[in-house]
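Me: I would like to learn how to read a fold from its strands, helices and pockets. Could we go through one example step by step?

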Amino acid sequence: MRWEDLTGDEFPEAVKQAESVCLLPLSCIERHGHHLPLGTDMFIGRELCRRAAQLEPAVIFPDFFFTQILEARHVPGVVGIEPELIIRLLENTCREIARNGLKKIVIVNTHGGNDHLIHYFAQIQLASRRDYVVYVPQPAYQAEESSTAAQWETAIDGHAGERETSMILAIRPELVRPGSLPADDEGMPLGRLKPLRDQDTDLGIWWYADHPTHYCGDGRPATAQKGEAWFTDRSRTLAKAIRTIKDDKEARRLQDEFFGKVG
Ligand SMILES: [Zn+2]
């Protein structure tokens, strides 16, 4: 059930059917090499949520793409807004979702640059008392079905590579420009900060150092079939998480108990 497709009259029934669960797809508008559209992460998140909600009913919030992508602001078409505003907007959005009766908010992130943000956001839920819980399942990081995991041919694949190209081939093939796929090693890390990265030292400029054209991997072995298999596998994983979240009563109880003690 897509939030924007419902009428106001239908909304309360949708909340009931969804057992109070709202999926909040987090993506961004970002360069994806030469051959994929700027909305790649948005299209992937939208499709993943659509398929998961078919398996386990949930209301799907419209795309939330004002997220962390400062590292791509040197390339055309990117929308990178202020960090403080991202947090405020996300927090405000969650409050509005909850005010509409959806008290279990499930963040479904499809943009790697948000990896830290989503965990930080989960943690700052403890800043003040609230009548909802934010859950951050990570279907993309859980073990894939062996048949799906075995299909990938490339060892390095971080951005606009075999996986993401396969996903877009599966859902929006008309948006893939195969003729623009580099034939050289543009997708391999430049290693300009390798001594630091080898020692697990994090810094904001690391992605620019390795992948200034926002291409990591090799999109050439991508196929629509591989993308289709990925979506089938990942939507099942997400649906399983949604079921567990629907059944969960403990998180909210503990949250209330915690705030009772905080005072
Ligand atoms: Zn992406």
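Reply: Let us begin with a strand in this predicted model, where E3 sends Lys104, Val106 and Val108 to one side and Ile105, Ile107 and Asn109 to the other, with all of them buried. E3 is thus mostly covered, with six of its six residues buried.

Me: Which strands does E3 pair with, and in what direction do they run?

Reply: To read pairing, one looks for the bridges between strands and then for their direction. Six bridges join E3 to E1, and these two strands run parallel; three bridges join E3 to E4, residues 133-135, again in parallel. Individual partners help to fix the register: Leu23 is the bridge partner of Val106 in E3, Pro25 is that of Val108, and on the E4 side Val133 is the partner of Lys104. Between E3 and E4 the chain passes through H4, and this β-α-β crossover is right-handed.

Me: What does E1 look like, and how are its side chains placed, buried or exposed?

Reply: The same reading can be applied here, by separating the two directions in which the residues point. Val21, Leu23 and Pro25 point one way from E1, whereas Cys22, Leu24 and Leu26 point the other way, and all of these residues are buried. E1 is accordingly described as mostly covered, since six of its six residues are buried.

Me: Which strand joins E1 through two bridges, and what lies between the two along the chain?

Reply: Two bridges join E1 to E2, and the two strands run parallel, with Val59 of E2 as the bridge partner of Cys22. The chain crosses from E1 to E2 by way of H2, and this β-α-β crossover is right-handed.

Me: What is the order of the strands in the sheet, and which of them stand at its edges?

Reply: An order is read by following the pairings from one strand to the next. Here an open sheet of four strands has the order E2-E1-E3-E4, with parallel pairing. E2 and E4 stand at the edges and have a single partner strand each, so that one side of each is left without a neighbour in the sheet.

Me: How should I read helix H2, and how many of its residues are buried?

Reply: For a helix, one may first set its span against the expected one, and then ask how it is covered. H2, which covers residues 40-55, has 16 residues and reaches 23 Å from its first C-alpha to its last, close to the 22 Å expected at 1.5 Å a residue. Twelve of the 16 residues of H2 are buried, so the helix is largely enclosed by the rest of the structure; among them are Met42, Phe43, Ile44, Leu48 and Cys49, together with the charged-type names Asp41, Glu47 and Arg51. 

Me: Against which elements do the buried residues of H2 pack?

Reply: The buried residues of H2 pack against three strands, E1 (21-26), E2 (59-60) and E3 (104-109), and against two helices, H6 (162-171) and H9 (224-247).

Me: How much space lies in the largest pocket, and which residues lie nearest its centre?

Reply: A pocket can be read through its volume, its lining and the elements that supply that lining. About 1200 Å³ of space lies in the largest pocket, which is lined by 45 residues, with His111, Gly112, Gly113, Asp115 and Tyr141 nearest its centre. The elements that give two or more residues to this lining are H2, H3 (83-99), H4 (115-123), H6 and H8 (206-210), and the largest share, five residues, comes from H4.

Me: Where are Asp200 and His214 placed, and are they buried or exposed?

Reply: Here the backbone angle and the accessibility are best read together. Asp200, in the loop between H7 (194-197) and H8, has a phi near 55 degrees, a positive value in a residue other than glycine, and is exposed, with a relative accessible area of 73%. His214, in the loop between H8 and H9, also has a positive phi, of about 55 degrees, although it is not a glycine, but at 0% relative accessibility His214 counts as buried.

Definitions and conventions: Residues are numbered from 1 along each chain as its sequence is written. This is a predicted model: local features need pLDDT of at least 70, side-chain atom pairs count only at pLDDT 80 or more; totals for chains, interfaces and linings use all residues. Side-chain values use heavy atoms; hydrogens and water are left out. The expected span of a helix is 1.5 Å times one less than its number of residues. Buried means under 20% relative accessible area, exposed over 50%, partly exposed in between (1.4 Å probe, protein chains only). Contact means heavy atoms within 4.5 Å. Two strands pair if DSSP finds at least two bridges between them. A crossover is right-handed if, with the strands pointing away from the viewer, the path from the first strand over the helix to the second runs clockwise. On a 1 Å grid over the protein atoms alone, a cavity is a set of points where a 1.4 Å probe fits but cannot get out, and a pocket is an open set with protein on both sides within 12 Å along at least five of seven lines; lining residues have an atom within 4 Å of a point. Grid points are joined across faces, edges and corners, and a volume is the space filled by probe spheres set on the points.
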